[in-house]
Amino acid sequence: MDLLLDPQVWVSLLTLTALEIVLGIDNLIFVTILANRLPPDQQVRARRLGLALALGMRLALLASLSLLVGLTAPVFEAWGRAFSWRDLVLIGGGLFLAYKGTVEIHNRMEKAEDDVPAAGKAAASFGAVIGQIILLDMVFSLDSIITAVGMVDQLWIMSTAVIAAAVVMLGASGPLSRFVQRHPTVKMLALAFLLMIAMVLIADGFGVHIPKAYVYAAMSFSVLVETLNLIAARRRRAR
């Protein structure tokens with residue numbers, strides 16, 4: 001009980017929760033774009049399952065901190081640098097994210113989605129989409145939990161922050177999905193974010209750390225510009 005009355009505990013919890021929400025935005029964007037490729041009646045279930053899997057992976061990693069330490073231990077050396085399992089996961093996840101982002105942009109620019117019949121779009125099956133979500137959940141979960149471990153020592157604070165962030169992400173997934181579907185330019189911007197995140201993950205895997213503040217500053221500026229564009233477009237339509 002005394003622990004709950006400690007202001008430092010609440011500051012740590014609120015700070016870590018806010019950070020986990022920010023880190024979860026990448027994951028949420030990816031889950032939203034993938035889920036939108038499914039038939040409308042499956043999209044909500046895919047988003048919820050994808051975010052639930054992300055939460056499960058984060059809690060599993062927290063429950064096995066010794067394994068997490070092992071993931072950061074060097075396993076081999078190449079080009080004069082030691083690589084850990086964490087590095088390999090980040091590099092592999094970044095390459096996969098770059099591939100998916102490029103394919104999605106290509107399909108959008110080439111109007112490939114318009115050429116595919118509705119039954120064919122459903123063939124991008126629920127299982128395939130969930131499988132892709134699981135792969136990236138693993139990458140984002142690893143990055144998120146390593147950040148949490150570096151910030152606080154108490155397991156219950158980390159777990160509470162992760163669960164609270166997951167609840168916020170779950171509540172935001174529906175509105176975000178509908179917003180992205182209504183505004184094609186927003187989807188293109190989100191795909192550009194995925195390519196930037198892919199670059200950050202690959203660089204981190206090779207030991208080149210890009211401060212997240214720079215990444216989020218660039219994303220925030222892009223969102224501001226797109227918001228102004230949407231406001232201007234709405235005013236033009238209202239005339």
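Q: Why is R178 called partly exposed?
A: The relative accessible area of R178 is 47%. Buried means under 20%, exposed over 50%, and partly exposed in between, with a 1.4 Å probe and protein chains only; R178 therefore counts as partly exposed. The model is predicted: local features need pLDDT of at least 70 and side-chain atom pairs count only at pLDDT 80 or more, while totals for chains, interfaces and linings use all residues. Residues are numbered from 1 along each chain as its sequence is written, and side-chain values use heavy atoms, with hydrogens and water left out.

Q: What makes R178, R182, R234, R235, R236, R237 and R239 a patch of positive charge?
A: These residues gather on the surface. Patches are made of residues with over 30% relative accessible area and no salt bridge, like charges being joined within 9 Å. Lys and Arg count as positive, and the place of an Arg charge is taken as CZ. For R178, the value of 47% lies over the 30% required.

Q: Which elements give two or more residues to the positive patch?
A: They are α8 (155-182) and α10 (212-238); helices are DSSP runs of H or I with at least four residues, and strands are runs of E with at least two, numbered from the N terminus. R178 lies in α8, whereas α10 gives the most, with 4 residues.

Q: How do you know that R81 and D87 form a salt bridge?
A: Their side chains meet at 3.4 Å, N to O. A salt bridge is a side-chain nitrogen of Lys or Arg within 4 Å of a carboxyl oxygen of Asp or Glu, so the pair qualifies. A search of the whole structure finds 1 salt bridge.

Q: Why do R81 and D87 fall into the classes partly exposed and buried?
A: R81 has 23% relative accessibility and so counts as partly exposed. D87 has a relative accessible area of 6% and is therefore buried.

Q: What makes D204 buried, and which residues does D204 touch?
A: D204 has a relative accessible area of 17%, so D204 is buried. The place of D204 is in helix α9 (residues 184-205). Contact means heavy atoms within 4.5 Å; D204 touches R81, R86, D87, L90 and H209, not counting residues up to four places away in sequence.

Q: How many helices and strands does the chain have?
A: The secondary structure comes to 10 helices and 2 strands, following the pattern α-α-α-β-β-α-α-α-α-α-α-α along the sequence. Of the 239 residues, 39% count as buried.

Definitions and conventions: Patches are made of residues with over 30% relative accessible area and no salt bridge: like charges are joined within 9 Å, nonpolar side chains (Val, Leu, Ile, Met, Phe, Trp, Tyr) within 5 Å. Accessible areas come from the Shrake-Rupley method with a 1.4 Å probe; for residues, only the protein chains shown count as cover.
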